[in-house]
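Reader: Before we go through this one, could you tell me what each label rests on? I'd like the rule next to the value every time.

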Amino acid sequence: YWATAPLSGWKVALNVPEGLILAPARVLAIRTSIMAGFALCVMLGIVAMMARLLTGPVRLITAAAEGVEAENYKATEALTPIAGRKEEVGKQARAFLRMVREVAARELRLKQAEEALRRSERHFRALIEKGQDIIAVLDAKGIFLYQSASAARVLGHAPGSMIGKQSRDFVHPGDQARVTEILSSIAATPEGGGTVEYRIRAEDG
């Protein structure tokens, strides 16, 4: 290797082994490679951690949604820890839990209302079918649509035997005009009502 002295301008020949000059470069290259590999591993670890932090809650929310779809509301309990977070995932978990609670409350109220309706129906059906009063439902033309079971006990008509028949045919001929008049009045004003006494034919005549 040649070098020029700055003051005298003399050229100086240096006989330095190439290996001695390149050794520091090789060490530097090895250290650089090690540092780069270490930095890459750290970066991959951070990426994997962030992916786990993000995809983990998403998987839990998805599983909770599938549980709710199958009417398993307990599946949402796994979201409680996530709902305490301040980031976007926590907000989504809280919104999902709030929606599920509202849906569950509505479903509970609906089931309670349905059960109350069934109890009421059973109660009034028992009153109608076990009572002594004859209850019938007619259409606008006076055709029987429903007859209570008491019609069999009081008049002897078999259950369902009056349905589809004209109610006038069961009324005494002397009372048919008054009954027809009151039924016509009720049909004209469904929200109104009326009272009439009449004789009705029993099964034995």
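Author: Sure, let's begin with exposure: a residue is buried under 20% relative accessible area, exposed over 50%, and partly exposed in between, using a 1.4 Å probe and protein chains only. One caution early on: this is a predicted model, in which local features need pLDDT of at least 70 and side-chain atom pairs count only at pLDDT 80 or more, while totals for chains, interfaces and linings use all residues. Residues are numbered from 1 along each chain as its sequence is written, and side-chain values use heavy atoms, with hydrogens and water left out.

Reader: Why is R119 called partly exposed?

Author: Its relative accessibility is 46%. The partly exposed class lies between 20% and 50%, so R119 belongs there.

Reader: What makes E115 and R119 a salt bridge?

Author: The term asks for a side-chain nitrogen of Lys or Arg within 4 Å of a carboxyl oxygen of Asp or Glu. For E115 and R119, the closest N and O atoms are 3.8 Å apart, so the pair meets the rule. As background, side chains of opposite charge can pair when their charged atoms come close.

Reader: How are E115 and R119 placed in the helix?

Author: They sit four residues apart in helix α3 (residues 88-130), so about one helical turn separates them. A helix here is a DSSP run of H or I with at least four residues, a strand is a run of E with at least two, and both are numbered from the N terminus. E115 is partly exposed as well, at 26%.

Reader: Which other partner does E115 have, and at what distance?

Author: R122, with the closest N and O atoms 3.6 Å apart. At 48% relative accessibility, R122 counts as partly exposed.

Reader: What about R199 and D175, buried or exposed?

Author: They fall in two classes: R199 has 45% and counts as partly exposed, whereas D175 has 5% and counts as buried. Shared partners also matter elsewhere: salt bridges join E115, R118, R119 and R122 into one network.

Reader: And what makes R199 and D175 a salt bridge?

Author: Their side chains meet at 3.0 Å, N to O, and that is within the 4 Å limit. This pair links distant parts of the chain: R199 is in the segment after α5 and D175 in the loop between α4 (150-154) and α5, 24 residues apart. By the rule, the count comes to six salt bridges.

Reader: Now the pockets. What makes something a pocket rather than a cavity?

Author: On a 1 Å grid over the protein atoms alone, a cavity is a set of points where a 1.4 Å probe fits but cannot get out, while a pocket is an open set with protein on both sides within 12 Å along at least five of seven lines. Lining residues have an atom within 4 Å of a point. The largest pocket has a volume of about 390 Å³, a volume being the space filled by probe spheres set on the points, which are joined across faces, edges and corners.

Reader: Which residues line the largest pocket nearest its centre?

Author: A136, L138, F144, Y198 and I200, out of 18 lining residues. β3 (136-138) and α5 (176-188) each supply at least two residues, and α5 gives the most, with four.

Reader: How many of the lining residues of the largest pocket are nonpolar?

Author: The lining has 15 nonpolar, three polar and no charged residues. Ala, Val, Leu, Ile, Met, Phe, Trp, Tyr, Cys and Pro count as nonpolar, Asp, Glu, Lys and Arg as charged, and the others, Gly among them, as polar.

Reader: And how is the lining of the second largest pocket made up?

Author: It has five nonpolar, five polar and three charged residues. This pocket has a volume of about 210 Å³, and D139, A140, G142, L183 and S184 lie nearest its centre. Here too α5 provides the largest share, five residues.

Reader: Last one: why is A93 called buried?

Author: A93 has a relative accessible area of 0%, so it is buried. A93 lies in helix α3 and touches I61, L79, I82 and A83, not counting residues up to four places away in sequence; contact means heavy atoms within 4.5 Å. By contrast, A188 in helix α5 has 60% relative accessibility and therefore counts as exposed.
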